[in-house]
Each structure stands twice: as structure tokens, then as C-alpha cells.
Amino acid sequence: MPQWAQYKGLHCHVGAPAQLTDEKLIPRQNRRSMGRLSIFAVQATQQAIKDACIPGTDIASGRLGCVIGSTMGSAESIAEAFETLVPTHDLAQLPSTKFFQCVSHTAALNVGQYLGITGTVMSTNAACASGLAAIGFGYDLIRTGQQDIMICGGAEGLHETVVGSFDVLYATSSGFNQNPRQTPRPFDAKRDGLVCGEGAGIVILEDYDRARKRGAKIYAEIIGYNTIGNGAHVSESNREAIVSCISETLAKAKIAPQEIDYINAHATATIQGDKEEAAAIRQIFGAKTPLSSLKGNIGHTLGASGAIELIASLIMMEKGLIFPTLNLKEPDPECAGINHVMQPLAKKINLLLKNCFAFGGINASLICKKPD
Amino acid sequence: MTEAEVIKLTNEVFIDSFEIEQSKLIPQANIFNDLGLDSLDIVDLVVALQKKFGVTIRDDERVRTIRTLGDLQNFILTIKKEIQK
């Protein structure tokens with residue numbers, strides 16, 4: 001990302017940008033309130049609705065809602081707003097819809113408005129757990145009978161100011177600026193931090209019996225979800241809290257650790273975070289359960305990561321094939337004692353666990369079961 | 001600034017900011033009903049016109065009486081003449 005060189009003190013010059021395409025297919029009066037991440041969210045939602053064959057009559061029924069999270073509003077739009085306001089202090093120069101691009105619930109509000117959703121419209125802003133938290137919240141709304149169908153997930157836009165928030169904490173990768181494909185390196189001895197990415201991941205949740213009845217394609221059944229705060233540190237992961245989050249999720253799903261066939265790790269390739277996550281996994285699962293991280297493939301898509309990586313995990317479940325941790329060549333001794341998948345692994349996945357651990361000490365875990 | 005220049009620059013605002021086709025930009029076109037702008041767009045229209053013509057019209061009461069593209073172009077011409085005086 002050569003354009004990032006203009007920022008003094010920004011050590012990481014590697015990013016994982018997604019390509020924005022066909023945004024003009026969204027009518028201007030809808031698009032004007034969308035920053036980059038909302039466009040990703042709307043396009044992903046369109047794909048998800050088509051895949052799930054959700055009829056138009058359901059969308060404005062009041063029984064369909066959406067919960068979509070992101071770490072913040074569109075970082076690009078927020079930067080533009082400050083660039084307009086700070087030099088002039090003239091509010092009259094701000095476009096009318098800039099506010100809607102900048103607010104923390106921008107993805108949810110834009111998807112809701114674009115589709116005409118009249119059920120619950122909510123945002124989960126829990127940093128890197130936002131997407132998984134949105135899915136967990138949607139799961140709760142359905143299982144408590146408040147909604148029948150939920151559009152859930154996360155979205156994020158790549159911007160240097162977001163990268164900077166990690167960079168000032170020395171959490172980004174900076175040693176591979178000349179070899180960007182070699183980073184990030186989750187669990188690897190040579191890992192040196194995360195690489196930010198962008199995009200959106202959207203899943204459709206539906207009451208199981210209702211989905212069965214209408215013959216919908218069912219990728220998986222959610223059988224357990226849990227989120228907790230670590231109550232210990234705003235930025236450092238904490239193995240006890242990770243153990244607690246996963247253990248409670250297993251208890252809610254009423255399954256034993258050894259029944260999990262695959263763990264999709266959070267593992268962003270930070271020195272501290274990977275070590276704590278590996279220790280927690282080792283404590284609960286030992287060296288048996290296969291585990292991989294997708295951050296080496298797509299970077300850390302932050303608020304979108306839980307949803308995007310869950311979708312990828314569901315594809316692994318469907319194919320019976322575990323994708324390995326890209327760039328993991330030599331596991332760090334501090335991340336050893338767990339079953340790292342370092343080559344594609346054919347394996348039947350009946351139960352999978354997805355983890356997200358966010359700044360602010362927010363942990364989230366979700367268990368999915370392959371449909372019968 | 002000539003009338004032709006005002007029309008050209010005004011039309012540019014509608015094309016660039018609101019993605020409206022040139023063929024729809026006729027003087028009698030109603031800004032709301034024919035060109036499809038709404039209350040949020042009017043805010044952006046004012047911002048864009050101020051930038052394009054170097055004028056301050058945000059708090060000008062006459063803005064509220066504008067209905068057609070022709071009204072708008074005449075208003076801009078009037079404003080520019082007032083500034084020249």
C-alpha cells in the first residue's frame with residue numbers, strides 16, 4: 001500500500017484490499033448514504049438473500065430483521081468529514097448524507113433501508129467480534145421467537161487510519177512490507193503482527209423448522225453461542241477469558257470438546273494474541289482438534305472477520321475439507337501443542353467452533369452443526 | 001458570467017452530483033418531480049452550487065421558492081449580478 005507512506009510513524013505498509021465493483025447498480029438515492037463498508041454489506045446481503053431464496057414478501061413482514069456489525073462507521077467517510085471540517089470549521093461544506101456513512105450502525109441502517117426491512121435493525125459494534133456478535137444476536141432473536149429470519153454479519157472498510165490504530169500499539173506486521181504475501185503469519189515463529197483487510201460477510205439465519213418447511217438450503221444449525229468480557233485488559237487477550245468463553249459455548253451447545261471437528265481460530269498473527277489463544281485451545285482441546293486461521297489468506301477483516309470466516313468454515317464443512325493456515329511454516333513453541341492444519345486436510349466436519357477475540361476484551365464463540 | 005455559462009455549470013452539478021442524464025436537464029424540469037431530488041439532495045445541491053459558483057446561498061430565503069431548473073439558473077444569474085454590483 002504505497003499511499004500509506006505519507007503517514008509518519010505508520011510502520012505497516014501491507015493491506016488486503018477488496019475490489020469494489022458494480023456499486024452503481026445500487027440506486028444513487030440509496031448509495032449516497034453508504035460508505036465503502038456499507039456497499040460491501042449491501043452487495044453481500046443481496047448474494048445471501050438470493051442464495052437463501054428469501055421471498056420479497058418476507059422482507060417487509062416485520063418478522064425479518066438485520067443485525068450487522070463493524071468496528072466503526074466508514075473510516076474513509078470519517079476521514080473525509082474531518083478533512084472537510086478541520087481546516088474550515090464550516091459545517092455547510094458537509095454533504096447531507098455524510099453522517100449516515102460515519103455512524104457506527106451504518107451497515108445495518110443501509111441494508112435495512114435499501115431492502116425495506118421493517119423488523120429489528122441493529123448494529124453490534126464490538127471491534128473484531130462485531131460480525132460474530134451480530135450472528136449471535138440474530139440467533140438469540142430467532143430462538144426467543146422475536147424474529148423468523150435474520151440477516152446477520154459484519155462489514156469493514158480498509159483505511160490507513162484504522163491500520164494506524166493497531167500500528168501505534170505495535171500490533172501490525174511491519175517486517176514484510178517488501179514481501180507482502182508472506183504476512184500475516186498466524187501462530188508462526190516469525191509472525192510480527194496483523195494485516196488489515198476489508199469486505200463483508202452476511203449469513204441468513206432462519207427458524208430451523210421454518211427453513212426446513214420451505215425447502216431452504218441449510219448450511220448449518222447454530223447450536224451454541226456465547227460472548228463475554230475479559231474484565232482484564234482493553235487490548236491484550238487473556239487465556240482464562242478465552243477458556244471461559246469457549247467452555248460456556250460448549251456447555252450451551254451441550255457437547256464435549258472432543259466432539260468438535262474443526263476450530264476456526266481468531267489468530268490474527270499478533271505475538272500476544274496468538275499465544276493466549278493457543279494456550280486456551282491447548283487447555284480445552286489438547287492436540288486433537290484440527291485448527292486453522294484464515295488471516296493469512298484474507299488479512300484481518302476486523303468487524304467482518306467473524307462472519308466472513310464463519311462462511312468460509314461452512315464451506316469447509318460442506319466440502320469436508322479444512323483449509324490450512326497460510327504462512328504458518330514453523331509453529332512458535334508458545335503456540336505448540338495444538339493441532340495446526342498446515343496442509344489442506346480432508347475431514348468430515350459435523351461440528352465446528354468459530355472464535356473471535358476483540359479489542360475491549362470482548363470474546364465471542366459460536367458452534368455450528370452440519371444439518372442432518 | 002453569461003447565461004450560457006450558468007446553464008452549463010448548473011447542469012454539470014446535476015450530472016456529477018446526482019447522476020442525471022443531460023437530456024433531462026431542460027429549464028422547465030421540476031427539480032423534485034422530474035429530476036427526482038429530495039430534501040437531502042437539496043442540501044447537497046446547495047453545497048455543490050456554492051462551490052461551483054463561489055457564492056453563499058445556504059441561508060438565502062429565495063432558495064425556498066425554486067421549483068424548476070430554470071428557476072435555479074435564473075436565481076444563480078441574479079446572485080452573480082448582485083455580487084458584481
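**Contacts, sheet and helix packing in a predicted model**

Student: How many residues of chain A are in contact with chain B in this predicted model?

Tutor: On the chain A side there are 7 residues, in contact with 8 residues of chain B. The chain A residues divide into 2 nonpolar, 4 polar and 1 charged.

Student: What makes β7 and β11 of chain A edge strands?

Tutor: The open sheet of 6 strands in chain A has the order β7-β14-β13-β8-β9-β11, with mixed pairing. β7 (221-229) and β11 (339-340) each have a single partner strand, so one side of each lacks a neighbour in the sheet.

Student: How do you know that β8 and β13 of chain A count as paired?

Tutor: Pairing needs at least two bridges. Strand β8 (residues 262-264) and strand β13 (residues 351-358) of chain A have 3 bridges, in the parallel sense, so by that cut-off they pair. In one of the bridges, A:Tyr262 has A:Leu352 of β13(A) as its partner.

Student: What makes the direction of helix α13 of chain A roughly antiparallel to β13(A)?

Tutor: Helix α13 (residues 305-319) runs at about 165° to β13(A), and angles over 145 degrees count as roughly antiparallel. The helix lies across β8, β13 and β14 (362-369) of chain A.

Student: Why is α1(B) called oblique to α2(B)?

Tutor: Helix α1 (residues 3-18) and helix α2 (residues 39-53) of chain B pack at about 130°, with axes 10 Å apart. That angle is outside 65 to 115 and not over 145 degrees, so the pair is oblique. The crossing is right-handed. Residues making the contact include B:Leu9 and B:Val13 of α1(B) and B:Leu45 and B:Leu49 of α2(B). By class, the contact has 7 nonpolar, 1 polar and 3 charged residues.

Terms used. Residues are numbered from 1 along each chain as its sequence is written. Chains are lettered from A and ligands numbered from 1 in the order in which they are written. This is a predicted model: local features need pLDDT of at least 70, side-chain atom pairs count only at pLDDT 80 or more; totals for chains, interfaces and linings use all residues. Two residues are in contact if their C-beta atoms, placed from the backbone, lie within 7 Å. Ala, Val, Leu, Ile, Met, Phe, Trp, Tyr, Cys and Pro count as nonpolar, Asp, Glu, Lys and Arg as charged, and the others, Gly among them, as polar. Helices (H or I, at least four residues) and strands (E, at least two) are DSSP runs, numbered from the N terminus. Axes are lines fitted to C-alpha atoms, for helices over the stretch in contact, and angles run from 0 to 180 degrees between N-to-C directions. Angles under 35 degrees count as roughly parallel, over 145 as roughly antiparallel, 65 to 115 as roughly perpendicular and the rest as oblique. A crossing is left-handed if the near helix is turned anticlockwise from the far one by less than a right angle, and right-handed if clockwise.
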